[in-house]
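Visitor: Please show me the structure, and then I will ask about its parts.

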Amino acid sequence: MENRAQKYHRERMAELLREEIETIIEGELADPRIGLANVTELLLANDGRSARVMIAVEGSEEDAAETREGLLAAVGYIRHELNERLHLRRCPELHFQIDKSHAYEARVDELLGRTTKKRSSAKPSDAKPNAEKSGT
């Protein structure tokens, strides 16, 4: 079982790394392949030696692939900057992945909207023929 303090430290470190990587990507990388990208999540390994960086990229699949290539080319610079800024003993290896959860979320919302629209248009109108009442 993992120590609570170690878990808390790893979560803080992951958030700090995420913020710094996002700052570096947004303002310091001049690679034309890197488009409008945001770091959505950083998953730090238990031993702290590697991290999976989830990137959301605006644009098409081709733009996302080019951005990932640009980030992979700049991984040495990013690690060096992280080491300089955070004074780490060992900077984790960075593995960039495209985060497609936002696209999936938008697609699910679209499908739910269609389903709701179909259900509302399929409801019978309120003008139902009234059954005649038998009066005595």
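Visitor: Which strands does helix H1 lie across, and at what angle does it run to E1?

Guide: This is a predicted model, in which local features need pLDDT of at least 70, side-chain atom pairs count only at pLDDT 80 or more, and totals for chains, interfaces and linings use all residues. Residues are numbered from 1 along each chain as its sequence is written, and side-chain values use heavy atoms, with hydrogens and water left out. Helices (H or I, at least four residues) and strands (E, at least two) are DSSP runs numbered from the N terminus. H1, residues 4-27, lies across E1, E2 and E3, and its angle to E1 (0 to 180 degrees between N-to-C directions of axes fitted to C-alpha atoms, for helices over the stretch in contact, that is, heavy atoms within 4.5 Å) is about 155 degrees.

Visitor: Which strands are at the edges of the sheet?

Guide: Strands pair if DSSP finds at least two bridges between them. The open sheet has the order E1-E2-E3, with mixed pairing. Those that pair on one side only are E1 (37-44) and E3 (93-98).

Visitor: In which sense do E2 and E3 pair, parallel or antiparallel?

Guide: Arg-52 stands opposite His-95 in E3. Over six bridges, E2 (residues 50-57) and E3 pair in a sense that is parallel.

Visitor: Which element gives the largest share of the lining of the largest pocket?

Guide: The lining residues divide into five nonpolar (Ala, Val, Leu, Ile, Met, Phe, Trp, Tyr, Cys and Pro), four polar (the others, Gly among them) and five charged (Asp, Glu, Lys and Arg). Five residues, the largest share of that lining, come from H1.
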